[in-house]
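Here are some notes for a colleague who wants to look through the packing of this model and the contact between its chains. The points below can be followed with the structure open.

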Amino acid sequence: MTRERHYIPESRQREKPKSKYFAIGHSMKRVEDTRLLTGSGTYADDVSLPNMAHAAVLRSPHAHARIVSIDKSKAEALPGVICVMTGAEAAEVTGPCADFSSPPTTQHCIAVDKVRHVGEAVAAVVAESRYIAEDACELIEVEYDPLPVVVDLEEAVTSTGDAVLHPERGDTNVALQRTITFGAVDEDFAAADLVIERRLRWPRSGGTPIETVGATAHYDRGTGKFTIHANTSMYNYVGWLIAVSLKVDPHRLNIVPTDAGGSFGSKLFCHKVCTLAGTLARAAGRPVKYLEDRIDNMTSGDAHGSDRLYDAQLALKRDGTMLSMRLKVIDDYGAYFQYGVGQHGNAMAQVTGPYGITSVEVDLTAVLTNKCQQGAYRGFGSEVGNFVIERLVDAACEELGLDPVEMRRKNLIPKDAFPYIMPTGNMYDSGDYHAVLDEALGMIDLEGWRKKQAEARKEGRYIGIGISTCQERSVFSATEFWMWNPNETPGFTLSSSPESVSVNIDPTGKAFITLNAPFWGNSPETMAVQVLAEKLEMDPADISVGYADSDKGFNSSGPGGSRFTVMIAGAVSGAADVIREKMLRVASHMLEADPSDLEFRAGSIGVQGVPGKEKTLAEVALHAHYFRLDLPEDHDLTSGIDAAYVYDHPVTTMPSEDRSDLGIFYPIVGHMCHIPVVEVDVETGKVDFLDYVAVHDCGTMVNPMTLAGHVRGGTVNGIGSALYEHFHYDESGQLQNALLSDYLHPTLMETPVDIRVGHVETPSPFTEYGIKGGGEGGRMGAPPAIAAAIEDALKPLGVKVDSLPLTPKVLRGMIREAEANGGG
Amino acid sequence: MKPPPFDYHCPETLDEALALLAEHGEAAKVLAGGQSLVPMLNLRAVHPEVLIDINRLPGLDHVRIEDGELRIGALARHRAVLESPAVREASPLMAAAYPYVSHGPIRNRGTLCGNLCHNDPASEMPAVALASDAEMMLQSASGARTVGAEEFFTGTLSTAAGADELLVEVRVPQAPAGQGAAFHEVSPRKGDFAYVAVGAVVSLSGGACSGARIVCAGVGDGPHRARAAEDALEGAAPGEGAFRQAAAAAADSIDPGEDFHADADYRRDLVRSLTRRALADAASRCH
């Protein structure tokens, strides 16, 4: 394919990777731990305001119905009830929820006229206590006129009439249909010796946080200003859209972040709950807290993950050389379309995986059904792509009689090919995929396991070994959200998707960092502390971290798309440069030396080559804060040592007009190799892990311990996706498992005794210090590896794994069928 | 997820508790460990007007052997039963089943008697009680009566206990000397309610199986005794062939329900394999 458009901007990296670091690369204990592990965190439900009232929501029992009438008189009469709002009443004062699709789907914080999924809000009650609010919900009488329910994604493609969820978008539930071809797909398929074809099903699951989404809103009638405390992210990026929904100017909304905890994407924005709490607080004339309960969150949290059916083809040469892919995919988005097909923009970042495939065609049909809408979930659509391509590779190995390790080794992009432009136009910045593979193979005794597998089979036991070699793109540019839109849609120009921090040095020379995005369960404070300590050669214990609200915050995209560590490292590094320069200037006057002759030593600034001629950071800071005028005249040198720094996306380019090239939009690309060993009990369908190796390359590691934690946690998350988790809707659109007793996560008892983590470090040439993101990796690599291991275990029976999750019932059903067909 | 309003009573004596039950009857629910009741309240799946908290009643937390019976009081927590040497001595089947009962924190609060009264069809202990000919000691303000396990478990979440009655104790006859017992279960995750659980006891007499009891949980509207399987085993020489035959009979004896976790075919498969495994283990433990 032509490469004319494929220019790679010059790197803006300022801090090169080093062979020896002061603070980076150390497995320092998390600075968040003391606060969180002693119960001192402030989560959404910990917020309490004077005179605060509590809200509960009445939810639709119907998947699709017109709201004929709502009688709230009995609820309003209940002692302790302050107000009851229907969707129609809320819509008089509050506009639709924020939505990034084009054209948008209209979603209100309380449904107006029509409900489109079970659990959608129909009315909300504000009362003196949550108890009374829930009692009142039971007293609201709603008459519904049921409409045809659409739950099957293939049926959704053809539904019309009353079965259409959003008739204003046309008489169809197809929200978007588009085929994009990258490279010479037809020619590559014509040149192929064989084409592997699989129908693959990736199930709907989601990030299910321990604390659900919550907001406590206050409306000040005197100033006309809202204050909303919430466990939202992106409040310093697109939080102003909540103000638009509430019909106030953005400066009349202050969003105060609470600790959000691990949410795995599900709290990416949380605009609906913030909008609802704000609407209710304004109506009630009192602060109002609304915290989703578990059923609220599972049925209506706007954060279900991808739900896809693929007809996938891989074209190969007989020697195993992979040439091209054709993917036809239907994705069930549920009842609304908040991020458009952002998840498929995301998947285009690495759709051909780590392999030297030169062309790909993707035929995407996004449909709307009567389910909770999709949101963000760890992987944001790329994890599905990893599953698809790895299943195709394994199928090709089977067909060609090739070894899965050698097949991968043959097709992995070689390390001298980076930076590498993959067929969609995205860039893989750096990598050494063969080194990752070799590291993983070095950690697992493959030969020994193959021997044990053979022995076990003689005893009627089924052991299997799987392998996946997958990409982990990190540091999104917002292009991914709109690149699939119809060309006639008003587009955007190149987005900066920045992250910001501010750093203040106190008069004793110690530092305070302010982040502009919330604590999200990762380790942002630890990352920021380590990077600042590196830059200023400062004791990490002398640095603390806080979080800005949206009144004081700078533009910050927040965590998501495995970008946060890279981006705050860039922002901290930039702020630290400003701090360093000012400290050097102050110190140069104090030491009567030229700034260029000075150096940072651990805890002080001194004259190079002159031991003892130095000032401690405390002395410099004190002088800068209080005694500036004691220093010689120095143009624009002012008191204090403070810096705010906005770090823009390190490297991104625009898509082409016709989208045959999507540009560079997700370029900081890590790699992983997962090798699980499982045993399947063929009588019960239960799967046990006998061993698990996961090797990741996320570039320069800021903290190997927390990164390993991410990998292990993500792997367990991936085990959930592979074996347990599935939002199960029945034919009438009822969510059958809206509780954590039925929606199953793996616990410690279901996970490998030791997920053995290995690291390879291939620094990025584009980010500060060469750091890459690593937050989503485990979940992006585990499902295909586990699927492969199970298929390998059941090879004597001829069982093929084409869908997830492989619950015991499903797996036993596949084995039963294979046995009936004479397998085994 | 907040419970609907209810009145709360916390009697200090058994008589007081029984008087409250007599007064409120169907409108009341007994609160012991609360591990099933409280979630049901929070989900508003039940709307009792009155909760009678029996946690302060004295002398009901015993686990002991008396008159050849294992006696377990209404307030004996799962944790205490699980760890009791009396249980291991008198009821190897219960001892074998207990590791499958829920999770640590739930076992710390939940009670065996509450578990039996709740009669969740996927619960282990009703099946154990059925296999063991346990007797339920019920008391009300108007008197006491004893109900055998066979009659006690009447269907999903229902028992023969009257609205005014309290299960004050369960009595399990001491297992015959030499009997082997085993319990096998498949649940989605460790500690979850079973997809299917199978408990088996068997004795060996003159080289042949005798007096086997085979019970299943998770296969219908309450604990299920697979009599056809027991009959198939009676007098048979212990071994893979006999166990397979009994397992097939057990699988044929059930008419399991379906939900999204497990369909009927899957439950039948599990009864078949778990019965075979349980019998093999039980037979190997005969002495």
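1. In this predicted model, A:I790 is in contact, once its neighbours within four places in sequence are left aside, with A:G464, A:V678, A:V680, A:V687, A:V801 and A:L806. A:I790 also belongs to the largest nonpolar core, which has 189 residues, and there A:I790, A:A528, A:L532 and A:V572 are the residues that touch the most other members. Helix α16 of chain A, residues 564-591, provides the largest share of this core, with 15 residues.

2. A second core, separate from that one, holds 98 residues, among them B:A74, B:C117, B:F183 and B:F243. In soluble globular proteins, nonpolar side chains tend to be buried together.

3. Chain B comprises twelve helices and 14 strands, and 53% of its 287 residues count as buried. Its radius of gyration of 19 Å agrees with the value near 19 Å that a compact globule of 287 residues would have, while its C-alpha atoms fill a box of roughly 60 × 45 × 30 Å along the principal axes. Of the contacts in chain B between residues at least 6 apart in sequence, 65% join residues at least 24 apart.

4. How many residues does each chain bring to the contact between chain A and chain B? Chain A contributes 21 residues and chain B contributes 18 residues. On the side of chain A that touches chain B, α4 (130-137) and α20 (808-820) each supply at least two residues, and α20(A) gives the most, with five residues. Sorted by class, that side of chain A has eleven charged, six polar and four nonpolar residues.

Conventions. Residues are numbered from 1 along each chain as its sequence is written. Chains are lettered from A and ligands numbered from 1 in the order in which they are written. This is a predicted model: local features need pLDDT of at least 70, side-chain atom pairs count only at pLDDT 80 or more; totals for chains, interfaces and linings use all residues. Two residues are in contact if their C-beta atoms, placed from the backbone, lie within 7 Å. Helices (H or I, at least four residues) and strands (E, at least two) are DSSP runs, numbered from the N terminus. Ala, Val, Leu, Ile, Met, Phe, Trp, Tyr, Cys and Pro count as nonpolar, Asp, Glu, Lys and Arg as charged, and the others, Gly among them, as polar. The radius of gyration is taken over C-alpha atoms; the globule rule is 2.2 Å times the number of residues to the power 0.38. A residue is buried if 20 or more other C-beta atoms lie within 10 Å of its own, exposed if 12 or fewer, and partly exposed in between; C-beta atoms are placed from the backbone. A nonpolar core is a set of buried Ala, Val, Leu, Ile, Met, Phe, Trp, Tyr and Cys residues joined through C-beta atoms within 7 Å.
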